[in-house]
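Here is a friendly tour of one protein model. Keep the structure open beside the text and look up each residue as we reach it.

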Amino acid sequence: MALSDHLRELRARILKAALAIVVAFVVALFFFDPLFHFVNEPYQQARESLGKDRTVATTNGAAGGFLLYLKLCGLAGLIASSPVWLYQIWAFILPGLHREEKKWTAIFAIVAGPLFMVGIVLGYLTMPKGLEILIGFTPGDLTNLLDFNDYLSFFMRTLLGFGIAFEIPVFVVLLNMAGIVKGRQLGAHRPWMIVGTFVFAAVITPSGDPFTMSFMAIPMVILFLISEVIARINDRRRGSKSLNAGLSPGEASPL
C-alpha cells in the first residue's frame, strides 16, 4: 500500500474515532445527573464519616458549573466511546503485524480489558477511605472547601492509577513471550518485586494509607505470581520445541 493510501486510511479512522467521541459526549449530556451522582458518591461517603461540617464541595467562578458539565461529560464520552477508538487504532495497526504477533496482541486485548476494569472498580471502592484520610488532615477549626473540578481530576487520576497498575503483570507476560524476561529471572527477583509492588502502591495511591495501599498491592502481588507461573510454563514449552531439547551437554545438535 502506498504512503498516500496509509495517510487516507489514518485520516478516515481518526474521523471515525472523533465522531464516536462527539456522539458519546452529546449522549452523556443527557445523563449528567446520574454521572454526577456516581462521581460524587465517594466524596459524600467520606463526608458522612468525617462530619458534614468538616468539608464542603464548591465550584468557583461564573463558568464553574458549565465547565463541570463539559469536563464530566467529556470524560464519560471518552470512556464510553473507547471500544470504537481503540478498535480504530487496532484496525490501523493490524495489517502490519505477523500472524504470531496478531495472536498475542489479541490475547493481550482480551485479558487487559477485564483487568483494567477490576482495577477501576477497586479504585472506586477504596476512594471514600482515601478521601476521608486526606480531608481528615484539615485542622478542626477549618472547613475544607473542595473545588469539584479539582476533585474530578483527582477522581480520574486515582481510577486510572488503579487500572494501569493492574496491567503491569500483563506486560510482564508479554516481555516473556518476546523472550526478554525469563521465568527463572522473575523467581530470582521475586522478593524485590513484592517489596517494589508495595512501594509502588504506596506512591500511586493518593491517600497513602495502609488500607488503600494493601487493596492495590495484594492483588498486584497475586497477579505477578500468576504471571511468573505463566512465564515458567512458556519457557518450558519453548525449551521443549528447541532443536537442542533432550540432548546431553556433550551430544551434537542436529545442526
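A residue is called buried when its relative accessible area is under 20%. Thr126 has a relative accessibility of 2%, so Thr126 counts as buried. Please keep in mind that everything here comes from a predicted model.

**The overall layout**

Let us step back and look at the whole chain. The protein contains ten helices and two strands. If you walk along the sequence, you meet them in the pattern α-α-β-α-α-α-β-α-α-α-α-α. The protein has 255 residues, and 33% of them count as buried. Now think about contacts between residues with a separation of 6 or more: 80% of these in the protein join residues 24 or more positions apart.

**The nonpolar cores**

Which residues of the largest nonpolar core touch the most other members? They are Val39, Tyr43, Met127, Leu131, Tyr151, Phe155 and Leu159, out of 23 residues in this core. Four helices supply at least two residues each: H2 (32–50), H3 (64–80), H5 (99–135) and H6 (148–165). H6 gives the largest share of this core, with seven residues.

Leu159 is a good residue to zoom in on. Beyond its neighbours within four places in sequence, Leu159 is in contact with Ile120, Gly123, Tyr124 and Met127. There is also a second, separate core of twelve residues, which includes Phe162, Phe166, Met216 and Ala217.

**Four buried residues to visit**

The table collects the relative accessible area of four residues.

| Residue | Where it lies | Relative accessible area |
|---|---|---|
| Thr126 | helix H5 | 2% |
| Phe166 | loop between H6 and H7 | 2% |
| Gly183 | helix H8 (residues 183–188) | 0% |
| Thr197 | helix H9 (residues 190–204) | 12% |

We can start with Thr126 in helix H5. Its side chain reaches the backbone oxygen of Gly123 at 3.2 Å. Not counting residues up to four places away in sequence, Thr126 touches Phe162, Phe211, Thr212 and Phe215.

Next comes Phe166, in the loop between H6 and H7. Is Phe166 buried or exposed? With 2% relative accessibility, Phe166 is buried, because buried means under 20%. Its C-alpha atom is separated by 6.0 Å from that of Phe116, although the two are 50 residues apart along the chain. Leaving aside neighbours within four places in sequence, the contacts of Phe166 are Leu115, Val118, Gly119, Leu122, Met216, Pro219, Met220 and Leu223.

Gly183 is found in helix H8. Its relative accessible area is 0%, so Gly183 is buried. Gly183 and Val229 are 46 residues apart in sequence, and their C-alpha atoms are 7.3 Å apart in space. Gly183 also touches Asn176, Glu228, Ala231, Arg232 and Asp235, again not counting residues up to four places away in sequence.

The last stop is Thr197, in helix H9. Thr197 is buried, with a relative accessible area of 12%. Which backbone oxygen does the side chain of Thr197 reach? The side chain reaches that of Met193, at 2.7 Å. Leaving aside neighbours within four places in sequence, Thr197 is in contact with Ala217, Met220 and Val221.

**The pockets**

Now let us turn to the open spaces. The largest pocket holds about 1100 Å³ of space. It is lined by 34 residues, and the closest to its centre are Ile79, Ser82, Trp85, Leu86 and Phe116. At least two lining residues come from each of H2, H3, helix H4 (82–93), H5 and H6. H5 supplies the largest share of this lining, eleven residues. By class, the lining of the largest pocket has 30 nonpolar residues, three polar and one charged.

How much space lies in the second largest pocket? The answer is about 270 Å³. This pocket has 14 lining residues, and Val111, Pro169, Val170, Val173 and Ile230 are the closest to its centre. H5, helix H7 (168–177) and helix H10 (210–240) each give two or more residues to the lining of the second largest pocket. That lining has 13 nonpolar residues, one polar and no charged ones.

Definitions and conventions: Residues numbered from 1 in each chain as written. Predicted model: local features only at pLDDT ≥ 70, side-chain atom pairs only at ≥ 80, totals over all residues. Heavy atoms only, no water. Core = buried A, V, L, I, M, F, W, Y, C linked by side-chain atoms within 4.5 Å. Buried < 20%, exposed > 50% of the residue type's maximum accessible area, 1.4 Å probe, protein only. Contact = heavy atoms within 4.5 Å. Polar contact = N/O pair within 3.5 Å; in protein donor to acceptor, adjacent residues only side chain to side chain. 1 Å grid on protein atoms, 1.4 Å probe; cavity = no way out; pocket = protein on both sides within 12 Å on 5 of 7 lines; lining within 4 Å. Points joined across faces, edges and corners; volume = space filled by probe spheres on them. Nonpolar A, V, L, I, M, F, W, Y, C, P; charged D, E, K, R; others polar.
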